[in-house]
Amino acid sequence: MRTHAEYDCDVLVIGGGIVGLSTAYALTRAAPGTRVTVLEEASSPAHHLTRPDGGLIHSGVHQRRSSLTARFAARGGGEMTDFCARHGIAHTVTGKLIVATDRADLPRLHALAQRGREHGLPVRELGPAQIARYEPRVRGQAAIRVSTTGVCDAAGVLAALAGEVSAAGSVVRCAARVTAVDRRPWGVAARTTDGTVVRARALVNAAGPRSDRVARLAGDEPGVRVVPVRDTYYELRGPALVRGVVHPVPAPEHPYAGVRPIPGVLRSVDGTVLVGPVGATASGRPANGGPPGLLSALTRQASWRTARRRGGYGRGDAHLPGAGPERAERAAPDPAARAAVAAALRRLLPDVREADLCPVHPGVRAQAVHGDGTPVEDFLIREAPHTVHVLHTPADAAFATALPVGREIARRAMALAQGAGWRPPAVESGHCV
Ligand SMILES: Cc1cc2nc3c(=O)[nH]c(=O)nc-3n(C[C@H](O)[C@H](O)[C@H](O)COP(=O)(O)OP(=O)(O)OC[C@H]3O[C@@H](n4cnc5c(N)ncnc54)[C@H](O)[C@@H]3O)c2cc1C
């Protein structure tokens, strides 16, 4: 067993996104004095948050009751709202309408209402006149309203979490990409591109789109591939057509948040109205430092299957097999796709004009897929010696679940650190540095 001073920190977190930072925050709150180091390859934690990230605080209503996502989102949404309020971060609890635009959607809408109640969410069923009271420009046969859904300033949340971690005496190091992980009987050592080595009792792999690679660096087979899925978004300019968050009932083939036959609409905290995602195409790894170029045959196969399963009218978008990330981010949706989006959206918002739909920077989200190409739908958290790997965070659910997920991962990391001789600093006097 090593002495306390021989460790650079107690818990090392790779990845300063929402999952890594909320884990570090939870560690510093659960056991003040615990030394946490977060290594983030980008120049700031919010660097990868792209314009389309609307900061939706999702309710988890679509998720199965037994899922971790539903469990965490049920309480995490309110916690995130409180966190924003305490830290002066822009946020609004808008509520969310899920609308049946067609009579054929009604059974699925009722099933969603039932599921929402089972999750303990405040769900109200609405007829067409009641829909108009909340969203006067939205048309539908019926809807449900989940009053706890909201939006927040996503970059503000990341900055506040990083600030809290630093204020607690822990370290968030940016521009620090981990290139090697060495696991030893006493813990782990990670090396960054500048040659710095950080030794820790326990490691949390929260590397998002690269979590499968980081798992392999640590010598673990993740059992999934993380593939990048490009979501196309539009900004809806012109007259203000929505007040909050409006989603159609998901199609049976897309039961979870993500691509729907009709895109969702969201008013973000700065007033921008975002429409999407409207297509899912897979491409090269996202532009966060990794080598562009060809993906392995397996990844590409999985990407194709995922894209095919999740794509609706978005199939018109360019699929860029083997293209580098830069090309994926530059590619603009074609005019035919925009016309199709406007036509689909008019089933929900009849006043939408095609000319008011302006494509915005596409977002690339990480989707873990099993070996047979099936997408992972829930959080995927795996443990290995001295290590917790977070291999999948469901799309849309990151902000609603962040605080409870951070606590769950912190709990597991502390248990692993204890196995390497760590004791909570408050209990063992003189332990804290
Ligand atoms: C367009 C778009 C819109 C979205 N909108 C919403 C929304 O409204 N609400 C919501 O809740 N979710 C939304 N999401 C999803 C959400 O952004 C993701 O689920 C969330 O960012 C995942 O968090 P993470 O911490 O797991 O991964 P990431 O945010 O990707 O963080 C992982 C971090 O690890 C770092 N990293 C990777 N490898 C290394 C390494 N070797 N060394 C050091 N650092 C490394 C990366 O630089 C990155 O910063 C959206 C996603 C997209 C693409």
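Begin by selecting Glu 41 and Arg 210, whose side chains meet in a salt bridge with N to O at 3.7 Å. A salt bridge here is a side-chain nitrogen of Lys or Arg within 4 Å of a carboxyl oxygen of Asp or Glu. The pair links distant parts of the chain, 169 residues apart: Glu 41 is in the loop between strand 2 (36-39) and strand 3 (56-57), and Arg 210 is in the loop between strand 12 and helix 6 (211-217). Helices (H or I, at least four residues) and strands (E, at least two) are DSSP runs, numbered from the N terminus. Glu 41 is partly exposed, with a relative accessible area of 25%, whereas Arg 210 is buried, at 6%. Buried means under 20% relative accessible area, exposed over 50%, and partly exposed in between (1.4 Å probe, protein chains only).

The structure is a predicted model, in which local features need pLDDT of at least 70 and side-chain atom pairs count only at pLDDT 80 or more, while totals for chains, interfaces and linings use all residues. Residues are numbered from 1 along each chain as its sequence is written, and side-chain values use heavy atoms, with hydrogens and water left out.

**The whole chain**

Display the full chain as a cartoon. The chain has 10 helices and 20 strands. Of its 433 residues, 57% count as buried. The accessible surface of the chain comes to about 16600 Å², of which 52% belongs to carbon and sulfur atoms; such areas come from the Shrake-Rupley method with a 1.4 Å probe, and for residues only the protein chains shown count as cover. Among contacts between residues at least 6 apart in sequence, 75% join residues at least 24 apart, a contact being heavy atoms within 4.5 Å.

**Further salt bridges**

Side chains of opposite charge can pair when their charged atoms come close. A search of the whole structure finds 20 salt bridges.

Select Asp 10 and Arg 201 next. Their side chains form a salt bridge at 3.3 Å, N to O. Asp 10 lies in strand 1 (residues 9-14) and Arg 201 in strand 12 (residues 197-205), so this salt bridge ties together parts that are 191 residues apart in sequence. Are these two residues, Asp 10 and Arg 201, buried or exposed? Both Asp 10 and Arg 201 are buried.

Move to Arg 338 and Glu 354, which form a salt bridge with the closest N and O atoms 4.0 Å apart. Arg 338 belongs to helix 9 (residues 335-345) and Glu 354 to the loop between helix 9 and strand 18 (357-369), so the pair ties together parts that are 16 residues apart in sequence. Arg 338 is partly exposed at a relative accessible area of 25%, and Glu 354 is partly exposed at 30%. Then select Glu 383, Glu 408, Arg 411 and Arg 412, which are joined into one network by salt bridges that share partners.

**A sheet of three strands**

Strands of a sheet pair through backbone hydrogen bonds, either parallel or antiparallel. Select strands 3, 8 and 4: these three form an open sheet in the order 3-8-4, with antiparallel pairing. Two strands pair if DSSP finds at least two bridges between them. The edge strands, strand 3 and strand 4 (91-92), each pair on one side only. Strand 3 and strand 8 (residues 150-152) pair over two bridges in the antiparallel sense. Zoom in on Ile 57, whose bridge partner in strand 8 is Gly 150.

**Ser 59**

Select Ser 59, in the loop between strand 3 and helix 2 (68-87). Ser 59 counts as buried, at 3% relative accessibility. Leaving aside neighbours within four places in sequence, Ser 59 is in contact with Ala 73, Ala 74, Leu 121, Val 146 and Thr 149. The side chain of Ser 59 also reaches the backbone nitrogen of Val 61 at 3.3 Å.

**The ligand**

Finally, select the ligand. Which residues are the closest to the ligand? Of the 31 residues that surround it, the closest are Glu 40, Leu 56, Val 178, Asp 396 and Phe 399. Residues count as near when one of their heavy atoms lies within 4 Å. Strand 18 supplies the largest share of the shell, three residues; helix 1 (18-30), strand 18 and helix 10 (398-419) each supply at least two.

Ligand oxygen atoms lie 3.0 Å from a polar backbone atom of Val 19, 2.8 Å from one of Asp 396 and 3.0 Å from one of Ala 398. Taken alone the ligand exposes 990 Å², and the protein buries 91% of that.

Conventions:
A polar contact is a pair of N or O atoms within 3.5 Å; within protein, one must be able to donate a hydrogen and the other to accept it, and residues adjacent in sequence count only if both atoms are side-chain atoms.
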